[in-house]
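Trainee: I've got a model open and don't know how to read it. Can we go through it together?

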Amino acid sequence: MRDGTGIGFIGFRTSRFDEMVALFRDRIGLSVIRDAPGATWFGLGTDAELHVYADTDPDHAFFTTGPVVGLRVADVDATRAALEADGLEMLTDVERTDAAAWCHFRAPDGTVLEIIGPSTPR
């Protein structure tokens, strides 16, 4: 299945949350698009985001292999089905907003990755 179209997400879970937020905000100059206790989201261009989560964030406890990269795909549901059929471990169900859908999986080498795309396939 060849529907990859770029990177839509990068996520960090870190024990040095405040320092990582300061790095991206103050040194690199990324714009904050959401700021909550233990979670800060930054804009990356017009359609990608970088998220920093504190190591106390329970929703992202599976971010254990370093930064999690979200690979943009045209159809999250079809791509997930193909990954599952290939025997890859799915870590989350498909989550959705009105605009986007995403889910996480473990790559063959153990790296945690995400697929992200439109909520409704293009």
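Mentor: Sure, start with burial: of the 122 residues of the protein chain, 41% count as buried, where buried means under 20% relative accessible area, exposed over 50%, and partly exposed in between (1.4 Å probe, protein chains only). Keep in mind that this is a predicted model: local features need pLDDT of at least 70, side-chain atom pairs count only at pLDDT 80 or more, and totals for chains, interfaces and linings use all residues. Residues are numbered from 1 along each chain as its sequence is written, and side-chain values use heavy atoms, with hydrogens and water left out.

Trainee: Which residues of helix α2 are buried?

Mentor: Helices (H or I, at least four residues) and strands (E, at least two) are DSSP runs, numbered from the N terminus. In α2, residues 76-85, the buried ones are V76, T79, R80 and L83. Seen down the axis of α2, they fall within an arc of 100°, so they line one face of the helix; the arc is that of the directions from the helix axis to the C-beta atoms.

Trainee: What do the buried residues of α2 pack against?

Mentor: Contact means heavy atoms within 4.5 Å. Here the partners are β5 (68-73), β6 (89-90), β8 (100-106) and β9 (112-118).

Trainee: Is T14 buried or exposed?

Mentor: T14 counts as buried because its relative accessibility is 14%. T14 sits in strand β1, residues 4-14. Leaving out residues up to four places away in sequence, T14 touches M20, V52, Y53, A54 and D55.
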